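Work through the exercises below with the sequence and the coordinates at hand. Each task is followed by a solution in steps.

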Amino acid sequence: MLHTRRIWTVATVSTEEDLAAMLVDHTWCSCNGFRLHEYLFLNDATGPMGAQEYAVIKESTGAQVESITFSWCSYYRALQLICEIVAGRYDGERCGILREGRIDPNPHHRCMACA
């Protein structure tokens, strides 16, 4: 994870297909993240004009299990990676730990990264 001091606001997504479409078809603010099952997909991009890189965090442990540049993926490749992640294929990997307090529960979140 590049941005260890960033604070994210996280929206819950209900299906792997919805998340894949959201991550490959849109550019999100740097402070956006998504929750699918027990995983967080946190925008780790350097800015809205850069590649849309996401740190994938297993929420129960705070361990980063993967980092994926979704702007370089097709919908089908993104869907494949997301399905592998939620199936636990990457759970043994540890790329870092998400520090507590980095997820903002406020639904009206505003920060410097917000568009």
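The exercises that follow concern a predicted model.

**Exercise 1. Chain overview**

Describe the secondary structure of the protein chain and the order of its elements.

Solution.
- Step 1. The protein chain has two helices and six strands.
- Step 2. Along the sequence, these elements follow the pattern β-α-β-β-β-β-α-β.
- Step 3. Of the 115 residues in the protein chain, 43% are buried.
- Step 4. Take the contacts between residues at least 6 apart in sequence: 51% of them join residues at least 24 apart.
- Step 5. The exposed area of the protein chain is about 6400 Å², and carbon and sulfur atoms supply 52% of it.

**Exercise 2. Strand pairing**

Trace the pairing from β1 to β5, and state whether each pair is parallel or antiparallel.

Solution.
- Step 1. Strand β1 (residues 9–12) and strand β2 (residues 32–36) run parallel and are joined by four bridges. Within this pair, Ala11 has Phe34 of β2 as its bridge partner.
- Step 2. Helix α1 (residues 16–25) completes a right-handed β-α-β unit with β1 and β2.
- Step 3. β2 pairs with β3 in the antiparallel sense over four bridges. Phe34 has Phe41 of β3 as its bridge partner. Phe34 thus appears in two pairings, as the partner of Ala11 and of Phe41.
- Step 4. β3 and β4 run antiparallel and are joined by five bridges. Here Leu42 is the bridge partner of Ala55 in β4.
- Step 5. β4 and β5 are antiparallel, with six bridges between them. One of the partner pairs is Lys58 with Ala63 of β5.

**Exercise 3. Hairpin turns**

Which residues in the turns of the β2–β3 and β4–β5 hairpins have a positive phi?

Solution.
- Step 1. Two residues separate β2 from β3 in their hairpin, and His37 in the turn has a positive phi of about 55°. His37 has this positive phi although it is not a glycine.
- Step 2. In the hairpin of β4 and β5, four residues lie between the strands. The turn residue with a positive phi, of about 80°, is Gly62.

**Exercise 4. Strand β3 and Phe41**

Is β3 largely enclosed or open, and which way do its side chains point?

Solution.
- Step 1. Five of the five residues of β3 are buried, so this strand is largely enclosed by the rest of the structure.
- Step 2. Tyr39, Phe41 and Asn43 point one way from β3, whereas Leu40 and Leu42 point the other way.
- Step 3. Phe41 lies in β3 and has a relative accessible area of 0%. Because buried means under 20% relative accessible area, Phe41 counts as buried.
- Step 4. Leaving aside neighbours within four places in sequence, the contacts of Phe41 include Leu19, Leu23, Phe34, Tyr54, Phe70 and Ile82.
- Step 5. Phe41 and Leu19 are 22 residues apart in sequence, and their C-alpha atoms are 9.3 Å apart.

**Exercise 5. The nonpolar cores**

Which residues touch the most other members of the largest nonpolar core, and which elements supply that core?

Solution.
- Step 1. The largest nonpolar core has 20 residues, of which Leu19, Leu23, Phe41, Phe70 and Ile82 touch the most other members.
- Step 2. At least two residues of this core come from each of α1, β2, β3 (39–43), β4 (53–58), β5 (63–69) and α2 (75–86).
- Step 3. α2 gives the most to this core, with five residues.
- Step 4. A second, separate core of six residues includes Trp8, Val10, Leu40 and Leu42.
- Step 5. Return to the largest core. Not counting residues up to four places away in sequence, Ile82 touches Glu16, Leu19, Ala20, Leu23, Leu36, Phe41 and Phe70.
- Step 6. Phe70 sits in the loop between β5 and α2 and is buried, with a relative accessible area of 0%. Outside its neighbours within four places in sequence, Phe70 contacts residues including Leu23, Val24, Phe41, Ala78 and Ile82.

**Exercise 6. Cysteines**

How many disulfides does the model contain?

Solution.
- Step 1. A disulfide requires two cysteine sulfur atoms within 2.5 Å.
- Step 2. By this rule there are zero disulfides.
- Step 3. For Cys29, the nearest cysteine sulfur is that of Cys31, 5.2 Å away, and Cys29 is in no disulfide.
- Step 4. Cys73 is buried, with a relative accessible area of 18%.

Terms used
Residues are numbered from 1 along each chain as its sequence is written. This is a predicted model: local features need pLDDT of at least 70, side-chain atom pairs count only at pLDDT 80 or more; totals for chains, interfaces and linings use all residues. Side-chain values use heavy atoms; hydrogens and water are left out. Two strands pair if DSSP finds at least two bridges between them. A crossover is right-handed if, with the strands pointing away from the viewer, the path from the first strand over the helix to the second runs clockwise. Buried means under 20% relative accessible area, exposed over 50%, partly exposed in between (1.4 Å probe, protein chains only). A nonpolar core is a set of buried Ala, Val, Leu, Ile, Met, Phe, Trp, Tyr and Cys residues joined through side-chain atoms within 4.5 Å. Contact means heavy atoms within 4.5 Å. Accessible areas come from the Shrake-Rupley method with a 1.4 Å probe; for residues, only the protein chains shown count as cover.
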